[in-house]
Structure formats: C-alpha cells, structure tokens
Amino acid sequence: MSIANIIKSIQDIMRQDVGVDGDAQRIAQIVWMIFLKIFDDKEIELEIMEDDYQSPLPEAYRWRNWASDDEGMTGDDLLNFVNNELFPALKDLPDVEENTRGFIVKEVFTDSYNYMKSGTLMRQVINKINEMDFNSSDDRHLFNDFYETFLKDLQSAGNSGEYYTPRAVTQFMVDMINPQLGETVLDPACGTGGFLTSTLENLKKQAKTVEDRKGIQESVLGIEKKPLPHLLAVTNLILHDVEVPKIHRDNSLARPLRDYSSKDKVSAVLSNPPFGGVEEDGIQANFPLSYRTKETADLFMVLILERLKENGRAAVVLPDGFLFGEGVKTRIKEKLLEECNLHTIVRLPNGVFAPYTGIKTNLLFFKKGEPTKEVWYFEHPYPDGQKSYSKTKPIRIEEFDLEKQWWENREENEYAWKVSFEEIKFKGYNLDIKNPNKVEESTHLTVPEILSKIQEKNQKIYHLTEELNRILG
C-alpha cells in the first residue's frame, strides 16, 4: 500500500474514534505516534552504526517492544498502557541532558496527549503505521512529500493555520537569504519548521564531507511556544536527517532582551512571527520601554534585530499593519532603518495564507550593520487568469521567478519601484507605499478582495485605538 493510502487509512480509522475532535487533534494524535515509530527506526540504524549505542528510553516503552507486533496489545489493555504507563514515563524521563535524544522525547511529550478512547481502533492505527519503514529511503522520501501536504491541512484546522507558511514562500525567502555552511540560522517562531527544513535542503547542496553534514545539524535553530507545532517541527527535522533537532519548546519573547550576549547572535533569521497575537504584560517588561507593546509580531521584530550578528541577514513575513502602523511601530521601523539596510519589501497579494487569514502580507529583507539609503518594493502579481489564492490554488514557487530574475539587476517596472530613506522618514516611517507604476484594472472587486480591505481597515482602527490607549495610560 502506498504511503498516501496508509495515511488515508489511518485518518479514516481515527475519525471513528469519539475522543478525537477535529483536524488539529487528529493531526496531533497521528504525529506523536509516527514520531515514536520514526525514533525507533532511527535507533535501529544507530545500533548498527554504533556498537555501544544505548537508547534513552526504558525498554518497555520503545516502539518495538509495545507496538511493532500486529497481534500485540489491543483494546483496554493497550489504552491503559498508553495512558497510565507510556505517557507518564516519557513525560518524566530521568537524567536527560539538553540537546540529547532523550531530551527531545521528554520535551515532545511534556504537553502531548492521547485523544483516542478506543484501544481497538488505536491498534488498527498502529498496525498501519508499522507498514512504513523510515529506514527505507523510498518510504522516507514519499513520506516527506506527504508530510508537507499534511502540514498544509493545518491551514484549515482552526487557529492552527498560524503555524504553517506556504512552502513556496519559505523556499523563496531561503533562496534569497542563501544560508552558507558554517552560518547559524534561527527561526524564533518556527511553527512546523518550514523555514528550517528549507534551510537544511539549501545547506545539504553545499555539503561535500561528513564534517559538513554534521555541522549542518548544529547550525539550524528553532524556538516554538506551542506543543502541537513543536511536535510537528521536531518530527519534520528528524525526517530531514537531523538526529537531535535544536528546536526548543519556549516563548522566544520570555527572555529579557538585555540577557542576550554575543554568543546568542546568529548569521541569519528566517521567520513568520504570529501576527494579530497579543502578549501579556509580563512579556512586555522584557523589552526596552520605548518598544513595549502587546502586539506579538512587533516584539519579534525587536528581538530579531537584537539577535542578528553584524552583517547578519534576515527575511521576515509581516502584515500590512506593520508597514503603516504608528506609535511603537514607528519607533521599531526607525530602529530597523537606522541599524539595518532594509533593501527589499516584496508585497504579496491577498489570499497567500488563505483560508487561515485574508490579511495582506509582506516579505521584508534586510542586512544588519549599515543604514538604509533606499527601499526597493516588488509587488507580486497573481498568475495570469487568477484573481486570488485558495487552498486548491495556492501560491507556487515558480511564480517567484519574476523576483529572482529582477533581484540582481534591479530596474523600475510595472511591479518594482524604489523609495529613498528621506522620503520614508518624511512620511513618518510609513512603509505602506503604493506602487506608482501599476496599471489600474477594473474597479470591480472580488469578495475576498472586499473582505481583505475590511480587515485592513479594522487593523488600522485597532492600531490607532491601541496607540490612543497607550497615550492615555
């Protein structure tokens, strides 16, 4: 049976279980089980390669010893084992050091749950998972392809859409930043790990020796606050041959900015920080007074500026609200333009993140260590014959060929224009500058375009209200 058919069978079985409610829970349930199977298959490989390999898991809780026998535990016995033995043991693994295989398991299971209520259905799911061999390059390659579509399902899984950035967007941003061997690359809000896996693929193409390949594993860093995307990201990196993913379960904003030193600085940042999020008052206190705000994306921008090395590069996804926002946003943009060369803003059209959000987004590319003299804008067009993106018609990497061809030989055209720093400063650091070269088409708007405009206006009202509240104390 093909990988796709195996996963479809697993999903069909799981939908029969009364304990699994909705796509997000179904995905979380499937992934912790697949994680343990992948972990065990990797251990089989390590036992062959290393004579003295010892598993960090107690024998009874290794996949091979409780799950691999198709005629093994089932029904209430299986359910009791998983709920009352397996999960408590993995959540509380003793004597595990940070950045070890045991630490990864413990961190993954700290906030994982078994949602299934039927041990009989769980056995059926386990038996299907056993049909996959993650030590087979064919199976792993096919599963990698499927995993990407699996992650896309999060876009329609309630609020979980915030954890997934379309692959075309992550790939384009990584292509333009072009991380090099020996550089450290960070995503401080890594979601399901899309930027990290794209970076890994970029670095693997450069690797020529065993040392190069080992170095890659140490150079890709992620932080994710929430348990589901953290589990998905860790699994994603293991599937990309990273033995011990350096993805921490934490809130990047929870550490005071003043505590960062030179050893915490990185060569490149690639990120899509959650926008529209609101942080608690205690988090704001970790930032200098002039940059304190409840808005998550704004705080992430301040953090990114702090963590970049001199000459470090960054590509960040931000909503239109950041470009035109005032108050704290103005001060952050002033800091960005004075400390970094914000050389490019790619303006994405409506629907790139559909159906999770219709808000228009932008890709900001900048380099730390030299002030901005001018900002180039590129307005990404829809493909011919298309007026929006959707789940069935997503943005494709081939569309970014326009930007790539223009990138090293920049000239103004119907999609591209530049604005001087002086003009931006004169406009109060408003970066929401419209395309002066655009050929106007019909004024009839589609429903998604109307909804997007309403969202933009609501965003502006929200930012103005927040700033007024701040002024009034």
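Here is a short tour of a predicted model, with a few residues to select one after another.

**Stop 1: Leu257.** Start by selecting Leu257, and you'll land in the loop that runs between strand S3 (246–249) and strand S4 (266–271). Is Leu257 buried or exposed? Its relative accessible area is 9%, and the cut-off for buried is under 20%, so Leu257 counts as buried.

Now show what surrounds it. Setting aside neighbours within four places in sequence, Leu257 is in contact with Asn286, Phe287, Pro288, Val302, Leu303 and Glu306. Turn on the side chains of those six names and keep Leu257 in the middle of your view.

Before moving on, add His240 to the selection and draw a C-alpha to C-alpha distance. His240 and Leu257 are 17 residues apart in sequence, and in space they are 32 Å apart.

**Stop 2: the cysteines.** Next, pick Cys190 and Cys340. Cys190 is buried at 4% relative accessible area, and Cys340 is buried too, at 0%. How many disulfides does the structure hold? Zero, so don't go hunting for a sulfur pair within 2.5 Å.

**Stop 3: a patch on the surface.** Finish with Leu451, which you'll find in helix H18 (residues 447–472). Leu451 has 48% relative accessibility, so it counts as partly exposed. Now add Val447, Ile450 and Ile454: together with Leu451 they form a nonpolar patch on the surface. Switch to a surface view and colour the four; their accessible area together is about 360 Å².

Conventions. Residues are numbered from 1 along each chain as its sequence is written. This is a predicted model: local features need pLDDT of at least 70, side-chain atom pairs count only at pLDDT 80 or more; totals for chains, interfaces and linings use all residues. Side-chain values use heavy atoms; hydrogens and water are left out. Helices (H or I, at least four residues) and strands (E, at least two) are DSSP runs, numbered from the N terminus. Buried means under 20% relative accessible area, exposed over 50%, partly exposed in between (1.4 Å probe, protein chains only). Contact means heavy atoms within 4.5 Å. Patches are made of residues with over 30% relative accessible area and no salt bridge: like charges are joined within 9 Å, nonpolar side chains (Val, Leu, Ile, Met, Phe, Trp, Tyr) within 5 Å. Accessible areas come from the Shrake-Rupley method with a 1.4 Å probe; for residues, only the protein chains shown count as cover. A salt bridge is a side-chain nitrogen of Lys or Arg within 4 Å of a carboxyl oxygen of Asp or Glu.
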